[in-house]
Amino acid sequence: QLQLVESGGGLVQPGGSLRLSCTASGVTLDFYAIGWFRQAPGKEREAVSCISSSGSTTYYTDSMKGRTVISRDSAKNTVWLQMNSLEPEDTAVYYCAADPRTTIQAMCVSGDYRYISWGQGLQVTVSS
């Protein structure tokens, strides 16, 4: 079982930035598409951003386009989600997810979570 570890969440003021990190211990993430999802109270889990195993394809949900960048570094075995201009509506628990199918289509576009490994989640709160 792939174990993902997220870090970087916390409390930030509106307009601020956060960088979330996702890594795995003992397993390379090179062969996984990685996604960031979030779930706010009373709402369904939604895909925020995804990146293919090669890094050549990315996805951003409409509300995050222009203020979010997803990236990955094979040497550090880490995927980052840089979020800028954060809004109170971005408050949620954020989850890292890994899909061995390597492309982002199933996980981020089709909502097919059959083969996904999830991180434990971390809280992001945007508030003044």
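**Notebook: F37 and its aromatic neighbours**

I began with F37, which has a relative accessibility of 0% and therefore counts as buried. I keep in mind throughout that this is a predicted model.

**Entry on the ring pairs.** I looked up the aromatic pairs next and found that the structure holds four of them. One of these is formed by F37 and W118, with 5.0 Å from centre to centre and 70 degrees between the planes, an edge-to-face arrangement. I then placed the two residues in the fold: F37 belongs to strand β4 (residues 33-39) and W118 to strand β10 (residues 117-118), so the pair ties together parts that lie 81 residues apart in sequence. For W118 I noted 27% relative accessibility, and W118 therefore counts as partly exposed, whereas F37 counts as buried.

I then asked myself which arrangement the rings of Y95 and W118 adopt. Their centres are 6.4 Å apart and their planes stand at 85 degrees, so I recorded this pair as edge-to-face. This pair, too, links distant parts of the chain, since Y95 sits in strand β9 (residues 92-99) and W118 in strand β10, with their positions 23 residues apart. Y95 has a relative accessible area of 15%, and because buried means under 20%, I entered Y95 as buried. Taking the rings together, I wrote down a single aromatic cluster made up of F37, Y95, Y113 and W118.

**Entry on the fold.** I went on to the secondary structure, where the protein chain shows one helix and 11 strands. Reading from the N terminus, I listed the order of the elements as β-β-β-β-β-β-β-β-β-α-β-β.

**Entry on overall dimensions.** I checked the radius of gyration against the rule for a compact globule: with 128 residues the expected value would be near 14 Å, and the protein chain has 13 Å, which agrees. Along the principal axes, the C-alpha trace spans about 40 × 30 × 25 Å. I also looked at how contacts are distributed in sequence, and of those with a separation of 6 or more, 60% come from residues 24 or more positions apart.

**Entry on burial, surface and charge.** What share of the 128 residues counts as buried? I noted 45% for the protein chain. The accessible surface comes to about 6,400 Å², and carbon and sulfur atoms account for 48% of that area. As a last item I looked up the charged side chains, of which 10 are positive and 11 negative, the centres of the two sets lying 2 Å apart.

Terms used
Residues are numbered from 1 along each chain as its sequence is written. This is a predicted model: local features need pLDDT of at least 70, side-chain atom pairs count only at pLDDT 80 or more; totals for chains, interfaces and linings use all residues. Side-chain values use heavy atoms; hydrogens and water are left out. Helices (H or I, at least four residues) and strands (E, at least two) are DSSP runs, numbered from the N terminus. The radius of gyration is taken over C-alpha atoms; the globule rule is 2.2 Å times the number of residues to the power 0.38. Buried means under 20% relative accessible area, exposed over 50%, partly exposed in between (1.4 Å probe, protein chains only). Contact means heavy atoms within 4.5 Å. Accessible areas come from the Shrake-Rupley method with a 1.4 Å probe; for residues, only the protein chains shown count as cover. Lys and Arg count as positive and Asp and Glu as negative; His and the chain ends are not counted. The place of a charge is taken as NZ of Lys, CZ of Arg, CG of Asp or CD of Glu. Rings of Phe, Tyr and Trp (its six-membered ring) pair if their centres lie within 6.5 Å; planes under 30 degrees apart count as stacked, over 60 as edge-to-face and the rest as tilted.
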